[in-house]
Amino acid sequence: MRARNKKNCFKRLAACKDILIQSPDELDFIPDGIELGCGKGAFVIELARRNPDKKYLAVEHNPNVAVVAVEKVMASKYINNIRFFVGGAERLNDYIKPQSIRRIYINHPDPWPRRSKEKRRLTYQSYLYMYWNLLRDEGEVIFKTDNRPLFDYSISSFRDNGFLLKNITYDLVNSEYMEDDIVTEYQAEYISKGQPIYMLTAQKQSDFVFSESTDRDFVTIPKN
Ligand SMILES: C[S@@+](CC[C@H](N)C(=O)[O-])C[C@H]1O[C@@H](n2cnc3c(N)ncnc32)[C@H](O)[C@@H]1O
């Protein structure tokens with residue numbers, strides 16, 4: 001996302017420090033769900049509104065984008081169940097207790113189409129290894145994209161790394177899943193252009209464990 005620099009961005013973020021996580025001990029709850037790359041916050045804000053009894057963490061590494069989401073929540077009288085981490089998704093391990101998370105949401109992530117940038121894709125195997133460690137048994141990653149090559153890549157990546165794939169759709173808008181879907185900013189734009197939206201759920205299987213290996217970055221092996 002190419003976002004213009006927002007005037008006084010860091011001052012504005014500092015004014016919202018009550019809902020920002022800046023060091024690990026500031027996260028004083030276990031989130032029910034985490035959104036990675038939350039952009040301007042439409043998805044996580046609606047998710048939190050629909051589930052007032054649950055708590056959420058939204059992660060966004062671009063402060064010029066994050067400030068929009070953070071200020072929306074600060075201004076709301078009703079939404080008090082979201083905290084933001086303005087930083088990279090790759091740092092989640094610093095903040096989140098292993099095996100504690102029920103759902104991770106990844107909506108329309110940057111596709112990084114060049115092979116040389118594969119490691120930046122949020123469904124690259126080192127990210128999946130991190131998600132695996134953070135998720136409870138049977139916990140889920142819910143992934144949406146408008147990018148077919150990234151979707152195909154992600155299906156293989158989740159499968160190769162021991163996740164069980166469910167609820168796959170190549171046309172979310174015309175599927176049974178649309179009724180409960182929360183449309184993100186990017187998604188709305190793609191839908192208005194008539195482009196298909198792809199979605200899947202990748203579930204952690206409790207009878208597999210990730211293990212580090214020397215010949216691949218990470219592999220899954222059956223538990224004993
Ligand atoms: C294409 S936008 C999609 C925004 C939003 N999820 C939506 O669907 O409207 C991708 C967002 O992910 C953020 N992002 C990309 N890589 C990230 C990372 N490693 N950690 C945190 N945020 C990231 C970008 O800054 C950008 O705001």
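**Exercise 1.** In this predicted model, determine whether Asn64 is buried, partly exposed or exposed.

*Solution.* Step 1: count the C-beta neighbours of Asn64 inside 10 Å, which gives 17. Step 2: apply the cut-offs, where 20 or more means buried and 12 or fewer means exposed. Step 3: because its count is 17, Asn64 is classed as partly exposed.

**Exercise 2.** Place Asn64 in its helix and list its contacts beyond four places in sequence.

*Solution.* Step 1: the helix that holds Asn64 is α3, spanning residues 63–75. Step 2: with neighbours within four places in sequence set aside, the contacts of Asn64 are Ala3, Arg4, Asn5, Lys6 and Cys9. Step 3: for a separation in space, take Gln22, which is 42 residues from Asn64 in sequence and 17 Å from it, C-alpha to C-alpha.

**Exercise 3.** Describe the shell around the ligand by its nearest residues, its main helix and its residue classes.

*Solution.* Step 1: the ligand has 21 residues around it, and those that come nearest are Gly37, Gly39, Ala89, Thr184 and Tyr186. Step 2: helix α7 (residues 185–192) gives the most to this shell, namely three residues. Step 3: by class, the shell holds eight nonpolar, nine polar and four charged residues.

**Exercise 4.** Identify the buried residues of helix α5.

*Solution.* Step 1: α5 covers residues 125–134, and seven of its ten residues are buried. Step 2: the buried residues are Gln125, Tyr127, Leu128, Met130, Tyr131, Trp132 and Leu134.

**Exercise 5.** Locate where pLDDT stays under 50.

*Solution.* Step 1: the chain average is 92, and 92% of the residues score at least 70. Step 2: pLDDT stays under 50 over residues 214–219. Step 3: predicted coordinates should not be read in detail where pLDDT is low.

How values were computed. Residues numbered from 1 in each chain as written. Predicted model: local features only at pLDDT ≥ 70, side-chain atom pairs only at ≥ 80, totals over all residues. Near = placed C-beta within 6 Å. Helix = DSSP H or I, 4+ residues; strand = E, 2+ residues; numbered from the N terminus. Nonpolar A, V, L, I, M, F, W, Y, C, P; charged D, E, K, R; others polar. pLDDT = per-residue confidence, 0-100. Contact = placed C-beta atoms within 7 Å.
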